[in-house]
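Me: Could you take me through the pockets of this protein, with a close look at the main one and what lines it?

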Amino acid sequence: MEKIDLDYALKQLETIVNIPSPTGFTDKAVEYCAGELRRLGYEPRISPKGGLLVCLGGEGEPIVLGAHLDTLGAMVREVKSNGALRVSPVGGLQANNVETEWAHVHTRDGRVLEGTFQLADASVHVNGEYSKTARTFDTVEVLLDEKTHSTADTRALGAEVGDYVTVEPRFCVTSTGFIKSRFLDDKLSAAILLAFARYLKEANITPDRKTYVDLTVFEEVGHGGAVIPADAVEMLSVDMGCVGQGLQCDETMVSICVMDSHGPSHKKVVDGLVEAARKNGVRYALDVYPHYGSDADVALGAGHDVRHCVVGAGVYASHGYERSHIEGLSNTFDLLVGYLTGKN
């Protein structure tokens, strides 16, 4: 089988990961992906909601490959009397997971203020309750790297309630092939789909079916996949594969989710994916995810009459500082190629 261009995929991943895009603040990430697809010769369309839809070609049995560009983040809830910021999470951001991470506050006048998520009164030599304090967004604040000691000081910098706060992703690829970064959920899949679109163009291959790519922007808050093309009969959410206790998937594999918290995937789709994986020597795992939902579930809930499943490269420490592997990326790409083009 033709293998993925890893240099291209990793370059796209690093670029997309470093474009801040918490839910509701995704325009720059969408614009970048749209520009790359245009450069490859496609005609993407940006929806009124802000997502991106593009047809990769093919005829009959239309399928949607859905991934999401929105990530976890936060929003300023209060400018505190000490000049720090109280925030509310956007999506499933966890206070005990971002403590001591770099924060970026995006003001309405276009400034980006740097800071750090810190426990209020964070000096161990001063705060005797440091280790006993529960980490919540009432106890963890954003401490700005500015000379500010009051609400007025901070407001004078342009910070205000409603400003988006993003977390430094810390992207890297290790010498052993591990990909470490925040927001691999789901920017790893977006990079894979860009690489798949490029592969079709460069190899002059037409998919066996009419194939859409749908990059959504509200998945982390539960309504990303509510609108999909009217002619679709199948939706494959290309999202992260879970890695953890009781599961078969690891970071080097592609996950085929047979059931999530909303119920079973469509058996016809699962069977077709397994057949394609076996035929093409793809390392895959079948797993049940009890605490997981996807854009495909949202599409079904919105009334779309489609077969569905979720696939994705194995990702450990989901919604935290995540880890995958270049082999997981490659196996996901190879599964898509085998399933949608029959090439091996």
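Reply: **The largest pocket**

The largest pocket encloses about 480 Å³. Its lining comprises 27 residues, and Cys242, His291, Tyr292, Gly293 and Ser318 are the closest to its centre. A pocket here is an open set of points on a 1 Å grid over the protein atoms alone, where a 1.4 Å probe fits and protein lies on both sides within 12 Å along at least five of seven lines; lining residues have an atom within 4 Å of a point. Points are joined across faces, edges and corners, and the volume is the space filled by probe spheres set on them.

Do keep in mind that this is a predicted model: local features need pLDDT of at least 70 and side-chain atom pairs count only at pLDDT 80 or more, while totals for chains, interfaces and linings use all residues. Residues are numbered from 1 along each chain as its sequence is written, and side-chain values use heavy atoms, with hydrogens and water left out.

Now for the walls. Strand 14 (241-243) and helix 7 (295-301) each supply at least two lining residues of the largest pocket, and helix 7 gives the most, with three. Helices (H or I, at least four residues) and strands (E, at least two) are DSSP runs, numbered from the N terminus. By character, the lining of the largest pocket has 10 nonpolar, 11 polar and six charged residues. Ala, Val, Leu, Ile, Met, Phe, Trp, Tyr, Cys and Pro count as nonpolar, Asp, Glu, Lys and Arg as charged, and the others, Gly among them, as polar.
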